[in-house]
Amino acid sequence: MLNIRDQFPILKQKIKNQSDLIYFDNAATNQKPQVVIDKISEYYSKTNSNIHRGVHHLSQVATTDYEESRDLIAQFINAKSVKEVIFTSGCTEGINLVATILDKANYLKIGDEIVVSGLEHHSNIVPWQMLCEATGAILKYVPVAQDGAIDWEQGLELITSKTKLVAITHLSNALGIIPPVDKYITKAKQNGALTLVDGAQWVAHYPLDVQALGADFYVFSGHKLYGPTGTGVLWGREDLLNELPPYKGGGEMIAEVTFAKTTYNVLPNKYEAGTPNISGGIALAQAVKFAQSLDWNAVANHEKELTQLALKGLQSLDNIELYTPGVVPNGLVSFNVKGVHHYDVGTLLDQFGIAVRTGHHCCQPLMQQLGITGTIRASFACYNTLEEVEVFIEKLKKSLLLLS
Ligand SMILES: *Cc1c(COP(=O)(O)O)cnc(C)c1O
């Protein structure tokens with residue numbers, strides 16, 4: 001993994017107390033390879049210009065680069081058409097976009113139901129709660145038992161003829177669980193419901209084929225895929241996006257505007273009002289190229305090894321609580337130390353240059369089901385090493401001695 005690691009300049013620095021940085025907060029945002037960093041600088045040094053509207057050279061170059069990025073993303077996720085790839089500011093905006101246009105389309109009425117899982121990130125809960133509030137629809141969720149066990153088969157029973165939408169994570173950010181998304185999509189389709197998959201965590205770890213997956217909408221953020229913050233993608237079925245109303249109004253999303261009436265642009269511009277994050281969108285293509293350069297099987301195996309080593313280390317310590325009974329989590333370990341606040345553990349690890357996340361991970365409803373306020377989460381990326389996991393366990397052991 002060394003040649004991968006070498007591409008990430010941030011990992012080369014010493015931080016707190018001259019320790020090597022051990023970055024295990026990849027589920028919050030992962031680091032950027034040099035090509036992404038260089039592209040942003042190059043864009044502002046050589047190309048900066050507004051896209052789509054200019055006749056001049058720079059505008060044309062920027063437009064071409066931006067649209068080539070869209071083409072590459074379409075290919076990366078195997079979209080049927082490039083028109084199905086909508087640039088957003090991130091996963092959160094993608095979900096809010098879908099919730100807003102479903103509201104505008106009067107898609108839901110009183111008593112209709114939306115089904116989510118108990119694992120969801122706030123951004124795949126709150127927009128649906130707001131939609132329910134606006135329409136009188138009801139939000140149902142697949143419960144998580146206090147020990148973290150989930151009965152997915154029973155959860156499927158929540159999907160009935162009343163269900164209008166199923167929104168589910170492809171990979172949980174808090175526990176590393178992969179739900180049986182295929183089954184939920186199939187059952188939703190049988191009941192005529194739409195489906196949205198939150199791929200924020202999935203895209204950096206596993207290949208994505210939106211056509212094979214068969215959902216109606218798929219969302220992810222660029223910054224969790226080695227790309228810049230403020231970038232993201234909403235993929236949606238072309239016929240559906242054509243049919244649904246626009247989201248924000250403004251420049252770029254229009255065909256013709258008069259004070260009496262406006263007609264809207266075709267996809268994807270219909271959903272892209274205003275000047276977008278141009279440098280980000282262009283640099284996202286470099287992130288995707290980096291991702292495409294990876295041997296994904298090797299990455300999956302490597303991340304599994306990191307996870308298993310971390311689990312083994314945690315299990316060798318006393319008083320550790322884990323939350324995925326019977327399931328090896330994917331790409332992360334989420335745990336607590338009995339009698340110790342997660343924040344205190346995170347603070348001590350930070351003194352050794354180890355970056356983990358502590359808290360509710362934007363999953364307060366999940367934490368409530370587990371009867372806790374948060375966890376300590378170490379989440380891995382392709383550039384992390386087994387040695388780093390060993391140091392993490394060793395320093396955790398040291399921290400626990402300090403705390404006892
Ligand atoms: C990070 C994350 C989000 C939200 O992504 P933003 O980049 O903050 O918009 C949604 N769902 C999951 C599973 C996430 O990990």
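A polar side-chain atom of K224 lies 2.8 Å from an oxygen atom of the ligand, which counts as a polar contact (a pair of N or O atoms within 3.5 Å; within protein, one must be able to donate a hydrogen and the other to accept it, and residues adjacent in sequence count only if both atoms are side-chain atoms). H223 makes a polar contact too, with a side-chain atom 2.7 Å from an oxygen atom of the ligand. With D198 the partner is a nitrogen atom of the ligand, and the separation from a polar side-chain atom is 2.5 Å. The residues around the ligand are C91, T92, H121, S123, N173, D198, A200, Q201, S221, H223 and K224, where being near means that one heavy atom of the residue lies within 4 Å of the molecule.

A word on the ground rules: this is a predicted model, in which local features need pLDDT of at least 70 and side-chain atom pairs count only at pLDDT 80 or more, while totals for chains, interfaces and linings use all residues. Residues are numbered from 1 along each chain as its sequence is written, and side-chain values use heavy atoms, with hydrogens and water left out.

Let us stay with one of the residues around the ligand, N173. N173 sits in the loop between β7 (163-169) and α7 (181-190); helices (H or I, at least four residues) and strands (E, at least two) are DSSP runs, numbered from the N terminus. Its relative accessible area is 7%, so N173 is buried (buried means under 20% relative accessible area, exposed over 50%, partly exposed in between, with a 1.4 Å probe and protein chains only). A polar atom of the N173 side chain lies 2.9 Å from the backbone oxygen of H361. Not counting residues up to four places away in sequence, N173 touches A27, H121, Q201, L332, H361, C363 and R377, contact being heavy atoms within 4.5 Å.

Now for the wider layout. The domain assignment of the protein chain gives domain 1 (5-25 + 295-403) and domain 2 (49-292); such bounds come from an automatic or database domain assignment. The C-alpha centres of domain 1 and domain 2 lie 29 Å apart, and 27 residues of domain 1 are in contact with 33 residues of domain 2.

What lies between the two domains? The largest nonpolar core has 73 residues, and I77, Y218, L225, Y226, L366 and Y383 touch the most other members. Helix α10 (residues 278-293) gives the largest share of this core, nine residues. Because domain 1 and domain 2 both give residues to this core, it lies between them. A nonpolar core here is a set of buried Ala, Val, Leu, Ile, Met, Phe, Trp, Tyr and Cys residues joined through side-chain atoms within 4.5 Å. In soluble globular proteins, nonpolar side chains tend to be buried together.

L366 is a good place to look inside this core. Leaving aside its neighbours within four places in sequence, L366 is in contact with G118, L119, V144, A174 and L175. Apart from this core lies another, of 29 residues, among them L108, A200, L241 and L267. A200 is also one of the residues around the ligand.

The contact from L366 leads to G118, which lies in the loop between β5 (113-117) and α5 (126-135). G118 counts as buried, at 5% relative accessibility. Leaving aside neighbours within four places in sequence, G118 is in contact with Y141, V142, V144, L366 and Q369.

Some backbone details are worth a look. Y226 is not a glycine, yet its phi is positive, about 65°. Y226 lies in the loop between β9 and β10 and is buried, with a relative accessible area of 0%. The loop between β9 (217-221) and β10 (232-236) also holds G230, which is partly exposed at 33% relative accessible area. Leaving aside its neighbours within four places in sequence, G230 is in contact with T88, S89 and N277. E252 has a positive phi as well, near 75°, in the loop between α9 (238-243) and β11 (254-257). The peptide bond from L267 to P268 is cis, with omega near -5°, and P268 is found in the loop between β12 (262-264) and α10.
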